[in-house]
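Open the model in a viewer and keep the sequence panel visible. The stops below go from one strand pairing outward to the whole chain.

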Amino acid sequence: MSNILIINAHHHYSFAEGKLNGTLVQMADELLTAKGHQTRIVEVDKGWDVNQELENHQWADIVILQTPVNWMGVPWTFKKYMDEVYTAGMGGALCNGDGRTEDAPKANYGTGGTLAGKKYLISLTFNAPKESFDDPNEYLFRGKSVDDLLFPMHMNFRFFAMEPLETFACYDVMKNPQVEDDFQRFTQHLDAHIPG
């Protein structure tokens, strides 16, 4: 069985209280512990201890990032978490610098990761409908995928030498929510990618 760190990156707003992201975190915790996995949950809005978060990442075999997409990226509170925790991890806890050496200062940027063999899964909630992605005729994303949009997050995990599991997404959650369908798909996604 695996050790799984679940990060709830939601930031509370009056128009977005975080119930969906919170429920997905709770579902993941219940489904995965029922299979025999060990879990730890971090709620970014409640604050964090940098050293504990470094230990959480070292402990985890899999990191699940549960986050809404706010203005095409993660909430600012999770960006602050990354700035503090991930920067503190550059001394070896998460990576040994950026991977370059004095002998080759222009090569191998991003190859210093120390979490090889660990995996991550990004689970997203969007106001955007699914149809706005992967369609070159759609105005905003012009054929780009969800993973294209979240490329910086993928690169952050790759910087630590982690490997991706397939991204999960709930779409149109404010204007046309399909919550029961989302929960069913999420259960199937976890069953497929993090079996017991």
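Select strands E4 (residues 119–125) and E5 (residues 163–164): they pair in the parallel sense over two bridges. Strands here are DSSP E runs of at least two residues, helices are H or I runs of at least four, and both are numbered from the N terminus; two strands pair if DSSP finds at least two bridges between them. Show Tyr 120 and Pro 164, which is the bridge partner of Tyr 120 in E5.

This is a predicted model, in which local features need pLDDT of at least 70 and side-chain atom pairs count only at pLDDT 80 or more, while totals for chains, interfaces and linings use all residues. Residues are numbered from 1 along each chain as its sequence is written, and side-chain values use heavy atoms, with hydrogens and water left out.

Stay on E4 and add strand E6 (residues 168–170); the two run parallel and are joined by three bridges. Leu 124 stands opposite Ala 169 in E6.

Next add strand E3 (residues 62–68), which pairs with E4 in the parallel sense over seven bridges. Tyr 120 appears again, as the bridge partner of Val 63 in E4. Trace the chain from E3 through helix H3 (residues 76–88) to E4: this β-α-β crossover is right-handed, that is, with the strands pointing away from the viewer, the path from the first strand over the helix to the second runs clockwise.

Is E4 enclosed or open? Six of its seven residues are buried, so E4 is largely enclosed by the rest of the structure. Buried means under 20% relative accessible area (1.4 Å probe, protein chains only).

Now select Phe 157. Leaving out residues up to four places away in sequence, Phe 157 touches Val 63, Leu 65, Tyr 86, Tyr 120, Ile 122 and Met 162; contact means heavy atoms within 4.5 Å. Phe 157 is also one of the residues that touch the most other members of the largest nonpolar core, which has 38 residues. Such a core is a set of buried Ala, Val, Leu, Ile, Met, Phe, Trp, Tyr and Cys residues joined through side-chain atoms within 4.5 Å. H3 gives the largest share of this core, five residues. Another core, of 18 residues, lies apart from it and includes Met 27, Leu 32, Leu 165 and Cys 170.

Finally, zoom out to the full chain. It has six helices and six strands, and 45% of its 196 residues count as buried. Its C-alpha atoms fill a box of roughly 55 × 45 × 35 Å along the principal axes.

Key. Buried means under 20% relative accessible area, exposed over 50%, partly exposed in between (1.4 Å probe, protein chains only).
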